[in-house]
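Hello,

Here is the structure you asked about, with its sequence. My notes on what was found in it follow below.

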Amino acid sequence: MDILLRLLVAIGVALLVTAAAALVLHLVFRALARRERWAAVLSRRMKHPFRTELLVVLLWAAFVTSVPNRPDAFPWRAPVSHGFLIATIAAGTWLACQIAIFLEDLGLHRFRIDVPDNRQARRIRTQVLVIRRLTVAVLVIIGIGAILLTFPGVEAAGASVLASAGLISVIAGLAAQSTLGNVFAGMQLAFSGSIRVDDVVVVEQQWGRIEEITLTYVVVHLWDDRRFVLPSTYFTSTPFENWTRTNSELLGAVELDLDWRVRPGEMRAELDRILDRTELWDRRVKVLQVTDAVQGSVRVRVLATSHDAPSLFDLRCYIREELVDWIQRTHPDALPVQRVLMVDEVAAPRRRAASTASESALFTPDQDDRAALFTGPIQTSDIPRSER
């Protein structure tokens, strides 16, 4: 009974110390957060894992100090103490992961991607995100290994495992060949700079932005809010388009098929007025050219540049709408038309055949046919002479 009472008192003290420490740290970090942004982020990240780790350690200490180490009287002391050790390692691994993520977020805070020139920031963010996942994976593996080492007999089993490491490595390599290939491909993408987070790419004839790069796959946010998930090896073995590899500025084209009566000079002046009225144009390139003039239409092509891919798409639609409206209002004769020449191909051969029938008989090269027209029998009437 005395041991149970001491244990309850020790547990109560542990809970009070944990609550007091959590309250003090909360007040300290809240005061710091008024001046420093990182204090608020650190408090939010470490609040739950720190309290869990502190509580587990204090409860373990309370249990060890309250229950004597006598296996004959308290055989359950060792298993409970071992459970506290496992919980301490798990909570410590959680705390270490949150600290690593906080440090990486602290470094990413200086590199913003919501600015026009964000190529360097996107490259750093991509690398840090991949390193974050790798760090968390390593910490979790270390934590699991530390927990396994707390069980008796694991050391002996480790010796036998190391003895057959060659065979196991071959089997694991063959079984995880695809997974390991994606892992190495993900690390290559992170540090080669071929793609970065928020890059605009065209994959499988789909336009979108790189939303997430992991160790095994890449998520592409398509223009219609779908997500295209591709293995990391796709971007190392398959050609794809990266529209923001070196910069985000792009050149786009608008083509119109018009009538031959179009006036390119006046259309070029209207293009200048259209571009001057919009902020979508970055004022680098504006060109209007007649690129083709065959058969019944003239092809006019407009080239213009914009800050990024979404702005370029909007700019192309804007130019196309304004030019169509201008042509309809001021030059309707330039609208594309289709000219058709109507010819009566059925009646003409009949008229030609009827008009040349007699001529063909009189002027035929055959002498017998021509002579028969003049020496043949004379047609007489069958009406009696008295009735004439």
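β1 and β2 form a hairpin with two residues between them. In that turn, E204 has a positive phi of about 55°. Please keep in mind throughout that this is a predicted model.

The two strands of this hairpin, β1 (residues 200-203) and β2 (residues 206-213), run antiparallel and are joined by four bridges. If you want a pair to look at, V202 stands opposite W207 in β2. The chain then goes from β2 to β3 through another hairpin, this one with three residues as the connection. β2 and β3 are also antiparallel, with five bridges between them; here E212 has V219 of β3 as its bridge partner.

On to the next pair. β3 covers residues 217-222 and pairs with β4 in the antiparallel sense over five bridges. V219 appears again in this pairing, opposite V229 in β4. The loop between β3 and β4 contains D225, which counts as exposed because its relative accessibility is 55%, where over 50% is the cut-off. D225 is 17 residues from G208 in sequence, and their C-alpha atoms are 8.8 Å apart.

Taken together, five strands make up an open sheet in the order β4-β3-β2-β1-β5, with antiparallel pairing. Its edges are β4 (227-231) and β5 (241-242), each of which pairs on one side only. As a general reminder, strands of a sheet pair through backbone hydrogen bonds, either parallel or antiparallel.

Now the interior. The largest nonpolar core has 21 residues, and those touching the most other members are L258, M267, V302, I319 and L323. At least two residues of this core come from each of β6 (250-258), α9 (264-276), β7 (281-294), β8 (297-306) and α10 (309-330). The biggest contribution is that of α10, which gives six residues. As for L258, its contacts beyond four places in sequence are M267, S297, V298, V300, I327, A334 and P336. Another core, of 17 residues, lies apart from the largest one; V201, I210, V218 and L222 are among its members.

Helix α9 deserves a separate paragraph. It has 13 residues and spans 18 Å from first C-alpha to last, close to the 18 Å expected at 1.5 Å a residue. Its buried residues are M267, E270, L271, I274 and L275. Viewed down the axis of α9, these buried residues fall within an arc of 135°, so they line one face of the helix. The general background is that an α-helix has 3.6 residues a turn, so residues three or four places apart point the same way. The buried residues of α9 pack against β6, β7, β8 and α10.

One residue of that list is charged by name, so to speak: is E270, in helix α9, buried or exposed? E270 is buried because its relative accessible area is 7%, and the cut-off is under 20%. The side chains of E270 and R273 are joined by a polar contact of 2.7 Å. Setting aside neighbours within four places in sequence, E270 is in contact with R277, L323 and W326. L323 is also one of the residues that touch the most other members of the largest nonpolar core.

Regards

Terms used
Residues are numbered from 1 along each chain as its sequence is written. This is a predicted model: local features need pLDDT of at least 70, side-chain atom pairs count only at pLDDT 80 or more; totals for chains, interfaces and linings use all residues. Side-chain values use heavy atoms; hydrogens and water are left out. Two strands pair if DSSP finds at least two bridges between them. A nonpolar core is a set of buried Ala, Val, Leu, Ile, Met, Phe, Trp, Tyr and Cys residues joined through side-chain atoms within 4.5 Å. Buried means under 20% relative accessible area, exposed over 50%, partly exposed in between (1.4 Å probe, protein chains only). Contact means heavy atoms within 4.5 Å. A polar contact is a pair of N or O atoms within 3.5 Å; within protein, one must be able to donate a hydrogen and the other to accept it, and residues adjacent in sequence count only if both atoms are side-chain atoms. The expected span of a helix is 1.5 Å times one less than its number of residues. The arc is that of the directions from the helix axis to the C-beta atoms.
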